[in-house]
Amino acid sequence: MYKLFLKIATRYLLKNKLYSFINIFGLAVGTACFILIMLYVNHEESYDTFDGSENIYRAYMDYLEGDKWVAGDANSYIVTGETLKENFPEIFDYARLRYFNGIVLLKDNEIYEHNKGSLADPSFLELFDLKLRQGNAQNALTEPYSMVLTESLAKKLFGNEEPMGKSLKLHNGNSPSFTITGILKENNRQTHIKNDFLVSFSTFRAWDAFERDWEYTWNQNVYYTFLSIDPKTNARQLQQKIKDFKIEALPFERHNIEPLEDIHLYSNKPYEAEANGSILRVRFLFAIGLIIIVLSWLNYINLSTAKSIERAKETGIRKVAGAQKPQIIIQSLLESLLLNFIAIAIAIGIVIVFLPSYNAFIGKELSFGIPNFAQILPLFGLILLGAAMSGIYPAFVLSGYTPTKTLKGKVHSSSLGLNIRKALIIGQFFATIVLIVGTIMISKQIGFLKNQPTGTDLQQVVALHWQVLNSSSDSTIVQGIKTFKDKLQNLPFIEQTATANTFPGGRYEDLGSSAGITFPDGRRDDKRITYNYAVSPKYFELMGFEFAAGKPFRENSQGLGNDIVMNEKFIRFMGISDSKEAIGKTVRFWNQDWTIVGVLKDYHHFGLKTGIEPMILRYGSSSSNILAKLNQKAVIADGLGEAMVQIEDTWKEIFPQSTFKYTFLDENFEAQYKDDKAFGTAFQIFTILSILIASMGLFGLTSYTVIRRKKEIGVRKVNGATITQILSLLNKDFVKWVGLAFIIAVPVSWYAMNQWLEGFAYKTNLDWWVFALAGITALTIALLTVSWQSFRAAIVNPVESLRDE
C-alpha cells in the first residue's frame, strides 16, 4: 500500500511541475539558509565548552565610579587567585595567564613570528581540560624556563624531529633558553584563550625580563585569573560574597566573577584576550534563520491548501472507491515528506557548495559533516519535525472533504480555514516588514559610523613596528631608530614621521593606565581609570589633531620630559570648564608631576562603538611604532607596494636580524567594524531570500483566492466589471493584511533595533521614515506578486469561469 501511495505522490509532483518547483525551491533555500545560520550560531555558542567548563569562572575587576560599581578590565592582579582561594572554600583551584607582547621564537637563530604565548600556572592544563600528547601534565609547567607547545607549532618548528627536551628562545630582551617539556594534543575546541605555547609561571620570578614587575601585587592588573569552583556551589551567592570581599589596597575596586562559557558572547571589557562575539548578533541571526524556515513551511501550507480545492474531486472519487480518511491523510503526508526530503537533499547540496564562501565571508572555519554530527543531528531533527508539522494541516484539510460536495463541485473553505490562512499571510508580511526595517537600520548605522569624523586624519598614515633581535643595548636600538627615521625622511614618498606607543584604533594593551591622579587643585581621584600613551612632538601634526588650547610638546635632545597633552574629556573630568585655564597647570600620577602644555579637541581613540575616554598623551621617545605620513601623489606614481618594499629594505639595512611589520591606520580603524559590516551584509542577503520565499507564499494564497472566486469574477464581468475593478477586488484584502502586519511589526522592530543600537556609543536615529519605507516596500512586493495572478484571473473569458463542468 505504501509503495502505491509513494508512486502516486511521485506522479502528482511530476505532473504539477510549477507547484512542485515553488515548494521545493522555497523549502530548499529556507532550509539551506537555516542550516548555514545555525552552523554559525552553534559555533559561537560552543566557545569554551568542555568537560567541567560549567564550573570555571573568570575573576575580573569592578571599578567604583561615583557611587556606582561598573565592570572594569578583563584582567585582575597577580595575587587575585591565591587571595580568593584562601578566603573562599568554594574555590578549589585557580590558574593565571599573562600574555607575552611582541614575542618571537628563535630556533637556532631562525625567526618564527605570529605565535601567541603566555605565562601559565601548572593548574591551567587541568582547569581547561588540556591533554598532552607528550610529557607529564603534572610537572610540564612546574620548573622555570619550561614550556609546552601545541602540536601544530611543534610540527612547524621541528618537522619530524623529536621536540621534547629541545630548546627555544623567546626574544624579549636577552632571552635565556627554554626547554620543551610537553606537546599539547590538538583539539577542535573554540576558545577565547588562544595560545601556541605556554611558559611556566615560575619563570616570572626567575627571568629578569620581568624584574620591574616583581614588586607588584595589588598595583598591576595584567593577569587573567580563572577559578575552579565546587559544582555544588551556588554561583550567584559566591559572586555576591566575592563582590562584598574588601581588600585594603583596593578601596575603589572589587573583584567579580563571570562564567567562562559566557565570556565570548557576553563580555566586552577592556583588555579582553581577543575581540569577542556578540550575543545580540547571534540572536538576530537565529531569529532570521527561524523566520526563513518558518516562511518556507508556511508557503507549503498555503500552496497545499490552495491545491486541495483542485484535488477535492480526486479525494471524493477515492472515498467513493472505498478509501478511508486515515489513508487519505497518509497519502498526503507521504507527498509532503517526499517533497521535503527532496528539498532537504538540495539544501544539503547548497550548503556544501556555498560553505567555503560563507566561511570566507564571516571569517570563521565552520564545518558540515561527520565530525560535528552531534551538533547537526538536533538541527535536522528540528527541520524534519517542522516538515512533518507543515504537512499535517493540508493532509487533514484534504481528507475532510465529503464525496457528495466534492463531486458536485460545491467545496467551500470553512471560516476557520480562511482565518488560519489569513493569519499565516499576515505573519509573512509581519516578518517581511521587520526584516526590511532591520536591513535599513543596520545599513544606516554602519553608514553613520563610516561618515562620523574621528577627530584625527588617519589617511595615508602607516605604523611601522618591529622586533630588533641583534642589538646588545637599548642605546644601540635608539640610535638605529634615529638613523632609520632620518633615512625615511629622504624617501620621496614620506612627508613626515613621528613615534608613538599606540594610535587611534590600537590595542588596549599598548596604553598605559592609572587609577590615581592628583588634579591641579590638589584633589585626588582614585576611582576612574584613565589612559595615557607616549608620543613624540611631531605626532600631533602628523595625525592632524586640532588643539582647543595650548600647543604640542617642546622638542628636547633627550626625547623625554614631563610635558603632557590632554583631551577635552580629561579637562572636564578634572572639573575645568575652559581648556585655556588648564594650560601650565600640574597633575601628578606615577609618582611624578606632569605639566599640561596643550588640550586636544576630543577624538575617537577607541572607535565609535565606545564613548570618548579621558586621555593623556605624554612626552616620550617610544620605540613601539614609527608613524609615517605618505605623500599620496608620490605613492601613486611609484606604487604603494614599491614604497613599502623600499621602507622595509631601509629598515633591514640598519637592523638585518629583526622582524618588520606595518599597519595602515585607516584600515586598522575600520577593522573595528568588520564584524558589524559582515553582519549587515548577511542580514541583507538573508532578508532578500526571506522576501523571495514570502513572495512565493503570496503567490500560493493568490492562487487559492482566484480559484475560490473564479465564478464570482465571471459573474462580475458579465455584469460590466472592468479589469481595474476586478484587480481592486482581488488586491484589497492583501492591502488590509499588509496594514495589519505593519501595525504589529512597527513596535516589534522598533524594540529590536533599539536593543541592537545599544551596543554603540554613537548611533543613528531610528526615524519614522524607516518604518514607512519598510511598509511601502512590503506593500509593493505584495501587490506586484498578487497582481500578476489577479490580472490573469481578470482577463479570463467569463464563459470559461461560469461553465459548470
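Biologist: What relative accessible area does Glu 670 have?
Modeller: Heads-up, this is a predicted model: local features need pLDDT (the predictor's confidence in each residue, from 0 to 100) of at least 70, side-chain atom pairs count only at pLDDT 80 or more, and totals for chains, interfaces and linings use all residues. Residues are numbered from 1 along each chain as its sequence is written, and side-chain values use heavy atoms, with hydrogens and water left out. Buried means under 20% relative accessible area, exposed over 50%, and partly exposed in between (1.4 Å probe, protein chains only). Glu 670 falls into the partly exposed class, with a relative accessible area of 28%.

Biologist: Where in the chain is confidence lowest?
Modeller: Overall, the chain averages a pLDDT of 81, and 80% of the residues score at least 70. Where pLDDT is low, the predicted coordinates should not be read in detail. Helices (H or I, at least four residues) and strands (E, at least two) are DSSP runs, numbered from the N terminus. Confidence peaks in β12, at 96, and at a mean of 49 is lowest in helix α13.

Biologist: Which residues of helix α7 are buried?
Modeller: Start with the other side of α7, where Arg 236 and Gln 237 are exposed. The buried ones have cover that includes α3, β3, β12 and β13. In α7 (residues 235-244), the buried residues are Leu 238, Ile 242 and Lys 243.

Biologist: Why do they sit on the same side of α7?
Modeller: The arc is that of the directions from the helix axis to the C-beta atoms. They end up on the same side of α7 because they cover an arc of only 140 degrees.

Biologist: Which residue meets Lys 241 in a salt bridge?
Modeller: A salt bridge is a side-chain nitrogen of Lys or Arg within 4 Å of a carboxyl oxygen of Asp or Glu. Lys 241, at 40% relative accessibility, is partly exposed, while its partner is buried at 15%. The salt bridge spans 2.4 Å, N to O, and the residue meeting Lys 241 is Glu 90.

Biologist: Which side chain makes a polar contact with Glu 272 at 2.4 Å?
Modeller: A polar contact is a pair of N or O atoms within 3.5 Å; within protein, one must be able to donate a hydrogen and the other to accept it, and residues adjacent in sequence count only if both atoms are side-chain atoms. Glu 272 is buried, at 9% relative accessible area, in the loop between α8 and α9. One partner, at 3.1 Å, is the side chain of Arg 58. The partner at 2.4 Å is Ser 267.

Terms used:
Contact means heavy atoms within 4.5 Å.
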